[in-house]
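Here are a few exercises to work through with the model open in your viewer. Try each task yourself before you read its solution.

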Amino acid sequence: MVNIGNSWDSILADEFKSPYYLQLREFLKHEYSTQTIYPDMYDIFNALKYTAYEDVKVVVIGQDPYHGEGQAHGLCFSVKRGIAPPPSLLNIFKELQNDVGFRMPNNGELTDWAKQGVLLLNTVLTVRAGQANSHRGKGWEKLTDAVIRKLNDRDKPIVFMLWGRNAKEKQALITNSRHLVLTAAHPSPLSAYNGFFGCRHFSAANEFLKYTGQQPIDWSVSDK
């Protein structure tokens, strides 16, 4: 069964025993044995592994993993070192540059953000190679809804960044007035000019974290 290795294991224990998840698990066993699936099965839960429940400061919600070879590694919008940053991630970097004076890095790996408390959570955690949304509606959405509900219950304030229609659908789950919800268009080239560019979510998040007595996020991406 799933072993995340931190507090999420006990927090999500009932989910991992539930009928929908057991059905999803059987589906994934078949998919990984018969298809090319991303990310690697050992990377599926990296968002939760890198960012324990009590450490979450910011939540960024993506759609499903990148479906190109070598891209996805369990963190939404992030790609492994040595892989060219996709257009949506480049647009995130452009907004960071305009918002907080971000320096463009030589890679698109966002693990440093995750280790500081940025939960980089896709709505669906797996995908077939070359087939976007191919694992949609198989049960992942129920699990990631549960993650957001558990975070919503927390007393310690969190910033939720919801970009695009799919992410904004999660807003109904965030009812705790302690938290800050920021919404904008998706950073995709198709929509970034409709409200993602200029949203200034990264500086807004850090102002909120400071206001609530928390350490702000260093949004830089290391070249190392």
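The exercises below cover salt bridges, a helix and two pockets.

This is a predicted model, in which local features need pLDDT of at least 70 and side-chain atom pairs count only at pLDDT 80 or more, while totals for chains, interfaces and linings use all residues. Residues are numbered from 1 along each chain as its sequence is written, and side-chain values use heavy atoms, with hydrogens and water left out.

**Exercise 1. Find the salt bridge between lysine 29 and glutamate 26, and explain how the two are placed in their helix.**

Step 1: Start with the criterion, a side-chain nitrogen of Lys or Arg within 4 Å of a carboxyl oxygen of Asp or Glu. The structure holds nine such salt bridges.

Step 2: Check the distance. From N to O, lysine 29 and glutamate 26 are 3.2 Å apart.

Step 3: Place the pair. Both belong to helix H3 (residues 19-34), three residues apart, so about one helical turn separates them. Helices here are DSSP runs of H or I with at least four residues, strands are runs of E with at least two, and both are numbered from the N terminus. In general, an α-helix has 3.6 residues a turn, so residues three or four places apart point the same way.

Step 4: Add the exposure. Buried means under 20% relative accessible area, exposed over 50%, and partly exposed in between (1.4 Å probe, protein chains only). Lysine 29, at 46%, is partly exposed, and glutamate 26 is partly exposed too, at 44%.

**Exercise 2. Which parts does the salt bridge of arginine 128 with glutamate 31 tie together?**

Step 1: Confirm the contact: the closest N and O atoms of arginine 128 and glutamate 31 are 2.8 Å apart.

Step 2: Locate the partners. Arginine 128 sits in strand E4 (residues 127-128) and glutamate 31 in helix H3, so the bridge joins parts 97 residues apart in sequence.

Step 3: Look at their accessibility. Arginine 128 is partly exposed at 23%, whereas glutamate 31 is buried at 3%.

**Exercise 3. Is helix H7 mostly covered or mostly open?**

Step 1: Find the helix. H7 takes in residues 140-152, which is 13 residues.

Step 2: Check its span. From first C-alpha to last it reaches 18 Å, close to the 18 Å expected, where the expected span is 1.5 Å times one less than the number of residues.

Step 3: Count the buried residues: 10 of the 13 in H7 are buried, making the helix mostly covered. Among them are Trp140, Leu143, Asp145 and Ile148.

**Exercise 4. Describe the linings of the largest and second largest pockets by residue class.**

Step 1: Set the terms. On a 1 Å grid over the protein atoms alone, a pocket is an open set of points where a 1.4 Å probe fits, with protein on both sides within 12 Å along at least five of seven lines; lining residues have an atom within 4 Å of a point. Ala, Val, Leu, Ile, Met, Phe, Trp, Tyr, Cys and Pro count as nonpolar, Asp, Glu, Lys and Arg as charged, and the others, Gly among them, as polar.

Step 2: Take the largest pocket. Its lining has 12 nonpolar, 13 polar and three charged residues, and H8 gives the most to this lining, with three residues.

Step 3: Take the second largest pocket. Its lining has 10 nonpolar, one polar and three charged residues, and H3 supplies the largest share, five residues.
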